Each structure stands twice: as C-alpha cells, then as structure tokens.
Amino acid sequence: MRGLLCWPLLLLLLQPWETQLQLAGPRCHTGPLDLVFVIDSSRSVRPFEFETMRQFLMGLLRGLNVGPNATRVGVIQYSSQVQSVFPLRAFSRSEDMERAIRDLVPLAQGTMTGLAIQYAMNVAFSVAEGARPPEERVPRVAVIVTDGRPQDRVAEVAAQARARGIEIYAVGVQRADVGSLRAMASPPLDEHVFLVESFDLIQEFGLQFQSRLCGKDQCAEGGHGCQHQCVNARGMFHCACNLGYKLAADNKSCLAIDLCAEGTHGCEHHCVNSPGSYFCRCQVGFVLQQDQRSCRAIDYCSFGNHSCQHECVSTPGGPQCHCREGHDLQPDGRSCQVQDLCNGVDHGCEFQCVSEGLSYRCLCPEGRQLQADGKSCNRCREGHVDLVLLVDGSKSVRPQNFELVKRFVNQIVDFLDVSPEGTRVGLVQFSSRVRTEFPLGRYGTAAEVKQAVLAVEYMERGTMTGLALRHMVEHSFSEAQGARPRALNVPRVGLVFTDGRSQDDISVWAARAKEEGIVMYAVGVGKAVEAELREIASKPAELHVSYAPDFGTMTHLLENLRGSICPEEGISAGTELRSPCECESLVEFQGRTLGALESLTLNLAQLTARLEDLENQLANQK
C-alpha cells in the first residue's frame with residue numbers, strides 16, 4: 001500500500017522537469033531522421049529510476065517533429081534479452097508512442113548491451129522494421145541509455161554499427177562504465193558520450209540532445225571552447241582554425257601548420273617554418289640566391305687572403321690549401337714539400353726503394369740484379385737444390401708466431417728459382433708427431449709453394465725434433481717423395497726451424513742426415529738451445545746456424561740463408577748434369593772446395609780477432 005502511494009508522488013515530482021523538457025521550445029524540424037532509443041531495463045535500474053527514464057523519453061518525443069517523412073522513432077529495451085517496444089514503422093504520432101512507453105514493463109535481468117546493439121543494427125534499423133533505405137541517405141541515430149557495466153563485449157559490435165552509418169550516443173547514469181560508453185559512442189566522443197550522476201539529472205542530456213537535433217546556434221550561446229572559429233551545424237557545432245593553422249586532437253585548439261613538412265617549399269637546403277608561412281635558409285658556407293630558395297657556395301679563395309703556396313680550394317668551412325702532385329701539405333696548412341714517394345706510395349720494390357725528386361727507383365742487395373720490371377731482384381738461379389723445411393709446430397710457438405714462421409718460409413721461397421728442373425721445395429711440420437705438409441715433387445712454381453705454406457694448419461703439442469730428423473732422412477729425400485736421384489748430383493738441403501729444446505734425442509739422426517750427404521741448416525728463435533742447433537747443423541756451424549731472439553726479428557736471417565742456400569757457383573738450370581767421376585767435375589769440385597776453405601779461413605780469422613777484442617775488454621774492466 002505504501003508503494004502504491006509513492007508512485008503518484010513520484011509522478012508529481014517529475015512533472016516540472018517533463019514540462020520543462022516539453023516547453024524547451026517548438027518542435028524540431030530536423031528533416032528526415034531514423035531515431036532508435038536503446039533502453040537499459042536491467043535489475044540494477046530501480047523502479048523509480050526506470051520511471052524517470054520513461055518520463056525522459058516521453059518529454060523528448062514531444063519536442064520532436066515526428067512523422068513518416070520526418071523523424072521516425074523506435075524503442076527497444078534490453079537486459080539479458082532484447083525486446084522491441086515499438087519499431088520505426090509503428091507510429092507516426094507522438095501520442096501513440098507515449099501510450100506504448102507508458103505500458104512498458106522493465107525486464108529486470110542482466111545487462112547484455114552488446115546484444116542490444118547487435119539487435120539495433122540488424123533488426124531495428126532494417127528496412128523491414130521501418131528504416132529508410134540507405135540510398136535515401138537518411139541519418140540513423142541510436143541513443144543508448146545504461147546505468148552499469150555491460151556483461152558482454154560492446155566495442156566490436158559498436159564499431160560494426162558505426163561502420164554501417166549508425167551514429168551512436170552513449171548516455172551513462174550513476175554506475176555506468178565510462179570505458180564502455182567511449183567504446184560504444186561515435187566520434188567525436190566529447191559530443192557523443194554523456195555521463196550524469198543520477199536519473200534525476202538525465203534531463204541535461206535531453207536538453208543537449210534536443211538542442212542538437214533542433215539546430216540551435218550553440219556558437220552564439222558561447223561555451224563552445226573553440227580557440228579560433230566556431231562553425232554551427234545541425235543541432236551541434238565544430239571548431240575551425242584560421243589560415244595557416246590546423247585543428248588539434250582536442251578538436252578545439254589550433255596548431256600552426258608546418259608548411260615545411262609538406263615538402264612543397266622548394267628550399268635547396270633548409271626550410272624554416274613560421275605561422276602561416278615559411279622562409280628558406282642555407283647551410284654554413286653558402287648564401288641565399290635572389291629566388292630566395294636556391295643556395296650558392298661562398299668562394300672564400302676569391303677574397304685573396306688564403307696564403308696557399310700552391311692551390312686554394314673553397315669549402316663550406318672556409319678556404320683549404322692543396323698541393324700539386326708529388327708534394328705534401330705541411331703542418332702549417334699552407335706550404336708544400338716534395339713527397340718521399342717511397343714512404344707515400346706502394347712502390348713495389350722487392351728490396352729497397354730510393355726517392356729521387358718526383359720519382360723513385362728500386363735497388364737490390366749485393367749479388368742480386370734488378371729484373372726487367374724495375375722492381376724485383378733475380379732469384380737463386382746458380383744451381384739446382386732439393387730443399388726440405390722442417391718447421392716446429394709445438395705448443396710453445398703459439399698460433400700468432402706460427403703465422404710469422406709461415407711468412408718467413410715464404411720469404412725464403414721468394415729468392416729461390418722453384419721449378420721441376422730448378423729448386424724443389426718440401427715442407428714437414430713436427431710437434432709430438434711428424435706430418436708431411438707437401439713433398440718435394442708436388443709443386444712446380446713458387447706461387448704454388450707459397451699458397452700451400454699459407455694453408456698449413458698449426459699442430460701444437462710437444463717438440464720431437466729427433467723424430468722429425470728421422471722422417472726427413474727416411475722419407476722426405478726419397479725419390480718417391482720427389483727428390484732427384486743421387487746420380488744427378490743435385491744438392492740436398494735440410495733446414496730445421498725450432499724455438500725450444502727437443503723432447504727426444506737428436507744426435508743419432510742429426511749425424512745420419514749429414515752422413516747421407518744432406519747439408520743441414522738450423523734456425524733457432526727465442527728459447528732454442530744453441531748446443532742442439534750446432535748438433536743439427538752442418539759444419540762450420542757459423543755458416544749453418546742462425547738465431548733470432550724473437551719471432552719479430554727473424555727477417556734479418558734471410559740474407560744469411562740466401563747466401564748459404566744459393567751458392568755462387570753451381571749447376572744452372574738447363575745445364576747438362578755431369579757424372580761426378582768425370583775429370584771436369586773433379587776439377588770443378590776441387591775449385592769449389594778451395595773456395596770454401598778460403599772462406600772458412602777468413603771467417604776463422606775474423607772470429608779470432610773478435611775473441612782477442614773481447615779478452616781486451618775483460619782485461620780493461622778488471
């Protein structure tokens with residue numbers, strides 16, 4: 001009974017607002033419009049709140065120009081399901097619509113807002129339900145009124161509805177979720193999203209909505225917030241900007257248009273933007289031309305104060321001095337000096353380069369002649385040699401030093417006349433084991449040998465020098481490995497390269513090598529043991545032993561090895577090989593022997609003089 005008494009009182013309280021909305025002005029003459037109200041009647045909407053919304057709808061209808069050729073109105077309500085109160089085609093008079101709204105009973109279940117939007121899009125705005133065909137371009141407007149958070153997804157279906165041309169207004173009351181309202185409404189959101197604190201205040205939306213439909217001049221009423229210009233439209237307005245400006249993201253304030261960014265300015269270097277305009281600017285070292293767009297480089301040299309000895313070149317940073325060919329610019333940046341071409345160019349001299357004015361020439365060491373190319377020196381062509389190189393590949397050598405050893409080996413190959421008839425070269429690497437990298441008979445040119453040397457991989461591990469000597473004697477100088485028969489009297493030369501003490505005995509196979517007629521050379525580096533080097537090498541040791549304190553200083557040994565491995569007299573390429581038993585061969589052998597003895601005597605005399613000098617120095621120190 002108490003509840004029954006409250007309804008007349010509630011209607012009495014609502015009457016002033018209904019009258020206010022109804023008397024807000026004459027009926028709207030909006031032109032053709034299809035308008036559907038989507039009303040939330042879930043259980044969260046209390047009875048008196050739903051009654052407020054009912055009165056809101058009736059008051060709003062009285063302000064519309066309703067008719068078949070004017071505004072058509074449809075109403076649907078939803079909770080967990082959707083119900084059509086009346087479609088767009090149902091009534092042409094507002095009185096009939098009001099009667100249907102008065103008879104409306106709320107569903108009082110869940111809040112399936114997405115389902116309601118789907119129904120409005122597919123059913124309520126269909127031609128069968130009274131909507132005008134799309135080709136008539138009659139605006140379609142949906143007004144969604146809700147008081148809570150949807151229990152289904154709304155963003156995707158709302159986007160589909162907007163894509164079909166339906167303009168959506170989202171009105172939230174009290175507990176409505178703002179994010180959901182924004183996901184449903186059409187842009188701009190500040191014109192299509194409304195949030196009121198209670199159903200009692202829903203008339204605020206009604207007045208604004210009616211104002212937009214009725215075409216009031218909201219720009220004239222003020223409060224639009226436009227920074228530059230306000231443009232009135234049907235029941236609404238939009239902001240515009242002055243020339244040279246564009247509307248910002250808030251659709252009210254204005255930003256200066258960056259004309260430079262549009263790419264039509266024509267400036268050669270830089271474009272500087274200003275409100276509604278722009279101007280061109282040149283880079284440093286350039287000046288703007290009369291067309292105010294192109295730039296010309298400043299000719300600093302024409303000022304006559306550069307002080308360049310040879311040539312002045314103007315650059316954006318100022319004048320720069322350049323020198324003529326064959327000259328270098330000095331630290332003062334102005335004067336020039338003749339170049340040392342040997343230091344400044346890739347001269348290609350094999351041994352030594354000597355600068356001579358604007359040119360240079362190449363020199364060869366004593367005993368070697370400059371070749372026709374003017375850069376290389378003649379090779380060891382005085383005799384045939386079978387040369388086997390024993391290279392230490394133990395762990396103590398280290399990878400970077402092993403690369404230096406390979407380079408050193410190739411420098412030895414450079415002064416040899418490598419060919420099948422001339423010098424043959426073989427390479428053996430040893431560590432804890434022995435490996436033939438390539439035998440004597442494999443390669444016929446220096447280029448092939450050098451390429452094979454560079455391809456050798458470092459073995460590491462121990463230092464079995466005795467095992468390497470045995471391998472050389474038994475295998476490396478065999479005819480199967482490419483050595484020439486002993487009857488041809490081709491010298492056999494072995495060169496051992498090591499950096500430390502052997503881990504096995506070397507005496508037996510060092511002696512055996514020399515018994516086999518192999519001329520042995522020993523090259524030691526770093527921690528190599530002198531006694532072992534002397535035991536490996538042929539006599540005299542002074543001619544067959546070389547030593548360098550480290551791998552970086554090995555190159556000074558090359559000339560000693562060249563003079564030893566390349567004898568001054570011998571069998572040249574193309575000379576017929578003779579039997580050592582012939583008379584002429586014996587005479588030749590005797591001559592070479594006497595020459596060697598004379599050289600040995602000279603070396604002994606020099607050594608004796610050096611020892612006497614050392615003894616005198618020791619005596620003076622005492």
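The following dialogue explains how several descriptive terms apply to this predicted model.

Author: This is a predicted model, in which local features need pLDDT of at least 70, side-chain atom pairs count only at pLDDT 80 or more, and totals for chains, interfaces and linings use all residues. Residues are numbered from 1 along each chain as its sequence is written, and side-chain values use heavy atoms, with hydrogens and water left out.

Reader: What makes up the secondary structure of the protein chain?

Author: The protein chain has 18 helices and 26 strands. Helices (H or I, at least four residues) and strands (E, at least two) are DSSP runs, numbered from the N terminus.

Reader: Why is Asp386 called buried or exposed?

Author: Buried means under 20% relative accessible area, exposed over 50%, and partly exposed in between (1.4 Å probe, protein chains only). Asp386 has 0% relative accessibility, so it counts as buried. Asp386 belongs to strand S21, residues 385-392. Of the 622 residues of the protein chain, 42% count as buried.

Reader: Which residues is Asp386 in contact with, leaving aside its neighbours within four places in sequence?

Author: Contact means heavy atoms within 4.5 Å. With those neighbours left aside, the contacts of Asp386 include Arg424, Leu440, Phe477 and Arg492. For the protein chain, 63% of the contacts with a separation of 6 or more are between residues 24 or more positions apart.

Reader: Why are helices H2 and H3 described as roughly parallel or roughly antiparallel?

Author: Two packed helices are described by the angle between their axes and the distance between the axes. Axes are lines fitted to C-alpha atoms, for helices over the stretch in contact, and angles run from 0 to 180 degrees between N-to-C directions. Helix H2 (residues 47-62) packs against helix H3 (residues 94-102) at an angle of about 175°, and their axes are 10 Å apart. H2 is therefore roughly antiparallel to H3. The cut-offs are as follows: angles under 35 degrees count as roughly parallel, over 145 as roughly antiparallel, 65 to 115 as roughly perpendicular, and the rest as oblique. In this contact, Arg54, Leu57, Met58, Leu61 and Arg62 belong to H2, while Ser94, Met97, Glu98, Ile101 and Arg102 belong to H3.

Reader: What angle do helices H11 and H12 make where they pack?

Author: Helix H11 (residues 399-414) and helix H12 (residues 446-454) pack at about 170°, with their axes 9 Å apart. H11 and H12 are therefore roughly antiparallel to each other. From H11, Lys406, Val409, Asn410, Val413 and Asp414 meet Ala446, Val449, Lys450, Val453 and Leu454 of H12.

Reader: How do you know whether Gln451 in helix H12 is buried or exposed?

Author: Gln451 has a relative accessible area of 60%, so it is exposed. Its place is in helix H12. The C-alpha atoms of Gln451 and Asn410 are separated by 8.9 Å, although the two residues are 41 residues apart along the chain.

Reader: What makes the nonpolar surface patch?

Author: Leu604, Leu607, Leu611 and Leu614 make a nonpolar surface patch of about 330 Å². Patches are made of residues with over 30% relative accessible area and no salt bridge (a side-chain nitrogen of Lys or Arg within 4 Å of a carboxyl oxygen of Asp or Glu). Like charges are joined within 9 Å, and nonpolar side chains (Val, Leu, Ile, Met, Phe, Trp, Tyr) within 5 Å. Leu611 has a relative accessible area of 46% and is therefore partly exposed. Leu611 is found in helix H18, residues 583-621.

Reader: How much accessible surface does the protein chain have?

Author: The accessible surface comes to about 33,000 Å², and 51% of it belongs to carbon and sulfur atoms. Accessible areas come from the Shrake-Rupley method with a 1.4 Å probe; for residues, only the protein chains shown count as cover.

Reader: What is the phi of Arg461, and is this residue buried or exposed?

Author: Arg461 has a positive phi of about 75° although it is not a glycine. With a relative accessible area of 62%, Arg461 is therefore exposed. Arg461 lies in the loop between H12 and helix H13 (465-476).

Reader: Where is Asn251 found, and what is its phi?

Author: Asn251 is found in the loop between strand S9 (245-247) and strand S10 (254-256). Its phi is near 65°, a positive value in a residue other than glycine. Asn251 has 36% relative accessibility, so it counts as partly exposed.
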